[in-house]
Amino acid sequence: MNEVVPTICRLCIAHCGVLAHVEDDHGRRKVTKVTGDPDNPMFKGYTCPKGRALPELHNHSGRLLHSLKRQAGGQHGPISNAKAAGEVAAKLQAIIDQYGPRSVAMYVGTPNVGYPAAASVGNSFLRALDSRMFFTSNTIDQPGKQVAMAAHGKWLGGEPDFEHADAWLLMGANPIISKSAGIPGQNPAQKLKEGLARGLQLIVIDPRKSDTARKASIHLQARPGEDHVLLAAMLKVIIDEALYDHEFVASNVAGFEELCEALAPFTLAYAADRADVPAAQIEEAARVFANATCRHANSGTGPSFSMYCNLKEYLLMCLNSLCGAYTREGEQVTRPNAMLPAYTPRAQALAPFKGWGYGEQLRVRGLTDTAAGMPTAALADEILLEGEGQVRALLCIGGNPMAAWPDQRKTQRALQQLDLLLTFDVEMSATARLADYVIACKQTLETPGMSQSAENIKYFGTGIGFQAAYAQYSGRIADPPHDSDLVEEWEFLYDVAKHMGHELTFAAFFGFAQYVEAPLEVMPLSLDDKPSTEDIYERICANSRIPLEEVKQYPHGHIFPGELKVAPKESGCEARLDVANPFMLQQLEEVAGQDYRAEQHTPDYPFRYIPRRHNNFMNSAGRSIPRLNGGQPWNPAWVHPADIAELGLQEGDMVRIASEHDAIPAVLEADDTLRRGLVAIAHAFGGLVEEDDRYQELGSNTGRLIQTDKDYDPITGMPRMGNIPVSITAW
Ligand SMILES: Nc1nc2c(c(=O)[nH]1)N[C@H]1C(S)=C(S)[C@@H](COP(=O)(O)OP(=O)(O)OC[C@H]3O[C@@H](n4cnc5c(=O)[nH]c(N)nc54)[C@H](O)[C@@H]3O)O[C@H]1N2
Ligand SMILES: Nc1nc2c(c(=O)[nH]1)N[C@H]1C(S)=C(S)[C@@H](COP(=O)(O)OP(=O)(O)OC[C@H]3O[C@@H](n4cnc5c(=O)[nH]c(N)nc54)[C@H](O)[C@@H]3O)O[C@H]1N2
Ligand code: SF4
Ligand SMILES: [Mo]
């Protein structure tokens with residue numbers, strides 16, 4: 001049975017169509033090699049190192065083959081999934097009986113993009129318990145995108161096609177590596193190359209000459225954290241020089257005059273001094289963007305982490321709206337639906353909507369539910385803070401709080417205090433090591449997959465998704481390892497719900513809370529008749545524009561025909577894109593009033609920590625695979641070579657990186673792509689707090705440098721996770 005089977009890599013949201021080489025392993029289908037699929041019309045043979053390591057990820061010796069339960073002595077011992085489901089049901093019931101439903105919280109992490117049923121059944125499970133404490137990694141990622149969309153509104157014609165653009169602005173995104181921000185993720189390096197060949201002007205704002213910035217026509221290698229100042233100055237140039245789209249603004253934008261007034265302090269000289277880039281460069285970037293005919297501006301995680309995440313995203317939206325940088329009436333829609341329901345994109349605004357201050361209230365920092373979801377940065381406090389409503393049980397679906405949440409020390413204290421910590425994982429993550437139950441899961445190639453999630457991402461404002469009516473479905477192509485007892489996340493929760501006597505109803509959700517393109521499909525999952533994952537996917541796709549059966553006819557994926565043009569504005573539509581949201585303008589005023597020179601001058605902590613991603617790892621996943629870590633399982637601290645020399649240190653030295661809040665060990669590595677005075681470290685590494693001396697095996701946890709309750713966003717609770725003042729000293 002040696003076969004080459006087309007399937008989908010679901011490690012990241014790009015969802016590349018790949019070929020899996022499957023061999024017979026004593027009656028089990030085992031994946032031995034993954035390569036690009038030249039017959040896939042969207043990806044045309046493209047993969048990345050992580051996708052090619054799928055066989056190792058599925059078969060490595062550290063993979064969990066059985067679920068585990070923490071024993072009395074603290075060690076973990078195996079438990080069957082059937083038994084674990086019964087025990088967990090009883091424990092949850094006891095906790096709810098004693099403390100109420102709010103004491104149970106759920107956290108959903110990044111790998112869920114590969115499992116369309118997991119998060120929706122998870123959400124349904126929590127609602128069945130009557131808890132609203134549902135958190136995701138979104139509020140420690142780019143929550144400003146959804147918050148800003150609520151404040152600004154959204155253009156329902158969508159964004160222009162990168163492949164026809166003559167200018168593009170990327171603020172703190174490195175899509176060549178991340179495949180997840182700002183430009184389409186299907187072989188982004190090739191897409192950029194083609195763009196540059198046709199004369200695309202790429203504008204990048206990044207303190208680092210990243211793989212993407214290296215290709216830029218204009219690279220503003222600014223100080224981190226000053227993106228909103230640069231955007232404000234660019235907007236001011238565009239307004240002062242009357243370069244904006246007068247007709248678009250007159251018919252679709254509200255608040256123009258107030259915005260002009262609020263931008264007054266942000267002169268070129270001010271922005272140039274504050275962000276430390278030449279004024280002429282900011283001016284040129286503004287002119288190039290405004291004068292292009294097909295363009296858009298988008299961002300990634302860098303600016304999101306360095307404070308004012310909502311304001312930065314909001315000003316990006318203002319830039320797009322003043323320039324009318326959208327797909328307009330009669331033009332071809334960039335992201336038509338295939339596995340999502342058919343819809344009519346219109347040349348009109350979706351009016352702003354309430355984006356925060358509603359739903360479940362947190363007990364700390366005045367935080368509430370938001371358009372981006374519940375503030376995850378405050379969940380550790382919700383666990384630690386005693387009193388009514390205290391969280392006592394946490395269920396993690398494919399997430400790793402110990403690696404990813406801000407303030408690792410506090411996170412560990414919180415996780416250790418829980419009455420019940422359950423995590424679904426495929427290996428013994430740092431979080432799993434603290435868990436009462438570690439539920440061992442099937443991996444992507446052992447479950448069916450479909451491209452719908454990668455299509456759905458367009459609603460999150462990340463500028464990615466498929467630029468065509470592309471769809472692919474893959475059945476299960478590998479079997480779980482011999483002698484294993486693995487489940488899918490949704491199935492385990494279904495079994496727990498059944499023990500508790502709760503019927504689950506889950507909603508297939510297309511769009512976002514305030515804007516749903518197709519009627520919500522609410523589907524009961526009968527307790528008497530357990531569906532299969534395939535049944536659930538069929539139901540999720542019940543209203544797909546291209547029926548699932550038809551998608552299945554094309555195992556290598558297919559671009560379905562059917563041009564979709566932006567329809568005219570509905571008669572009577574008065575919705576406008578708001579460029580003068582009071583909260584945002586108040587933040588702009590606050591920024592203008594800051595003593596920025598004092599804030600930038602932190603002599604005790606002379607460096608600034610900034611985040612960046614590593615090509616070979618997907619957050620904390622992949623670190624244990626020699627093929628991916630190349631024998632170096634730690635994450636170095638990248639510093640400019642001149643700074644290393646000035647510190648009297650050398651590459652390879654072990655150093656102490658300290659913020660005002662905490663400190664971590666790290667290994668120095670020279671990187672001359674950085675601005676001077678910065679230290680960049682990839683996130684999601686590290687073991688437990690007490691394991692710093694194992695840094696060469698486990699890496700350094702950047703979350704430790706972050707304080708959650710000092711500098712934080714008042715809406716999403718996201719703390720300063722970048723542009724953190726730090727010092728570097730020999731260990
Ligand atoms: N300091 C700092 N903090 C950050 C960031 C940063 O840049 N710097 N980035 C933030 C961002 S953008 C994000 S999205 C979050 C990420 O936050 P998380 O999503 O919580 O972190 P991951 O490391 O992606 O956690 C994934 C976990 O799922 C497990 N896993 C892998 N594959 C599977 C699978 O197939 N099934 C199951 N059940 N589990 C699986 C992995 O072993 C790992 O334990 O972190 C945020 N935190
Ligand atoms: N290979 C790989 N791919 C991934 C991931 C991974 O871990 N590895 N993680 C996935 C996840 S969860 C996400 S959210 C996406 C993220 O995707 P991206 O946002 O593209 O992530 P990064 O590659 O870290 O790029 C962030 C850039 O911001 C810059 N930067 C840092 N601080 C600032 C600042 O204050 N202002 C500006 N303008 N720039 C700044 C950094 O130098 C860096 O080049 O990637 C996804 N894809
Ligand atoms: S880009 Fe993402 S989906 Fe594509 S092969 Fe790499 S990890 Fe997999
Ligand atoms: Mo992320």
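Three elements, α6 (175-178), α13 (301-305) and β29 (607-612), each put at least two residues into the shell around ligand 2. Keep in mind as you click around that this is a predicted model. The shell has 33 residues, and those that come nearest to the ligand are S178, D206, D227, T301 and F617. By type, the residues of the shell break down into eleven nonpolar, 15 polar and seven charged.

Now zoom in on the polar contacts of ligand 2. One of its nitrogen atoms sits 2.5 Å from an N or O atom in the side chain of D227. T301 joins in through its backbone, with a polar atom there 2.7 Å from an oxygen atom of ligand 2. N619 also uses its backbone, placing an N or O atom 2.8 Å from an oxygen atom of the ligand. On its own, ligand 2 has 920 Å² of accessible area, and the protein covers 97% of it. Where does ligand 2 lie relative to the domains? Domain 2 (160-325 + 577-587) and domain 3 (602-730) both contribute residues to its shell, so ligand 2 lies between them.

Ligand 1 is the next stop. Its surroundings come to 30 residues, of which Y107, T110, Y115, D425 and S620 are nearest. Here α13 turns up in the shell, along with β18 (420-425), and each of these supplies at least two residues. The shell around ligand 1 splits into twelve nonpolar, 13 polar and five charged residues.

As for atom-level contacts, the side chain of Y115 has an N or O atom 2.5 Å from an oxygen atom of ligand 1. A404 works through its backbone: a polar atom there is 2.7 Å from a nitrogen atom of the ligand. Then look at N619, which has a polar side-chain atom 3.2 Å from an oxygen atom of ligand 1, while a backbone N or O atom of N619 lies 2.8 Å from an oxygen atom of ligand 2. Ligand 1 taken alone exposes 920 Å², of which the protein buries 96%. Which domains is ligand 1 between? Domain 1 (63-141 + 356-570) and domain 3 (602-730) both give residues to its shell, so that is where ligand 1 lies, between those two.

Ligand 3 has a short list of neighbours: C9, L11, C12, H15, C16, C48, K50, G51 and K179. Sorted by type, these are five nonpolar, two polar and two charged.

On to the space that the protein leaves open. The second largest pocket has a volume of about 900 Å³. It is lined by 38 residues, with E599, R608, R720, N723 and P725 closest to its centre. The elements giving two or more residues to this lining are α24 (596-600), β29 and β34 (724-730). Of these, α24 provides the largest share, at four residues. The lining divides into 13 nonpolar, twelve polar and 13 charged residues. Why is this pocket said to lie between two domains? Because domain 2 (160-325 + 577-587) and domain 3 (602-730) both give residues to its lining. You've met β29 already, since it supplies at least two residues of the shell around ligand 2.

Finally, the enclosed voids. Rolling a probe the size of a water molecule over the atoms reveals where empty space remains. The structure has eight cavities of 30 Å³ or more, and the largest has a volume of about 250 Å³. Its lining counts 19 residues, and the ones closest to the centre are E159, H296, M317, N320 and G461. Two or more lining residues come from each of α5 (144-152), β8 (154-155), β13 (295-299) and α14 (309-322). What is the mix of residue types in the lining of the largest cavity? Six are nonpolar, nine are polar and four are charged.

Note on methods: Residues numbered from 1 in each chain as written. Chains lettered and ligands numbered in written order. Predicted model: local features only at pLDDT ≥ 70, side-chain atom pairs only at ≥ 80, totals over all residues. Heavy atoms only, no water. 1 Å grid on protein atoms, 1.4 Å probe; cavity = no way out; pocket = protein on both sides within 12 Å on 5 of 7 lines; lining within 4 Å. Points joined across faces, edges and corners; volume = space filled by probe spheres on them. Nonpolar A, V, L, I, M, F, W, Y, C, P; charged D, E, K, R; others polar. Near = heavy atom within 4 Å. Polar contact = N/O pair within 3.5 Å; in protein donor to acceptor, adjacent residues only side chain to side chain. Areas by Shrake-Rupley, 256 points an atom, 1.4 Å probe, with all protein chains shown as cover. Domains from an automatic or database assignment.
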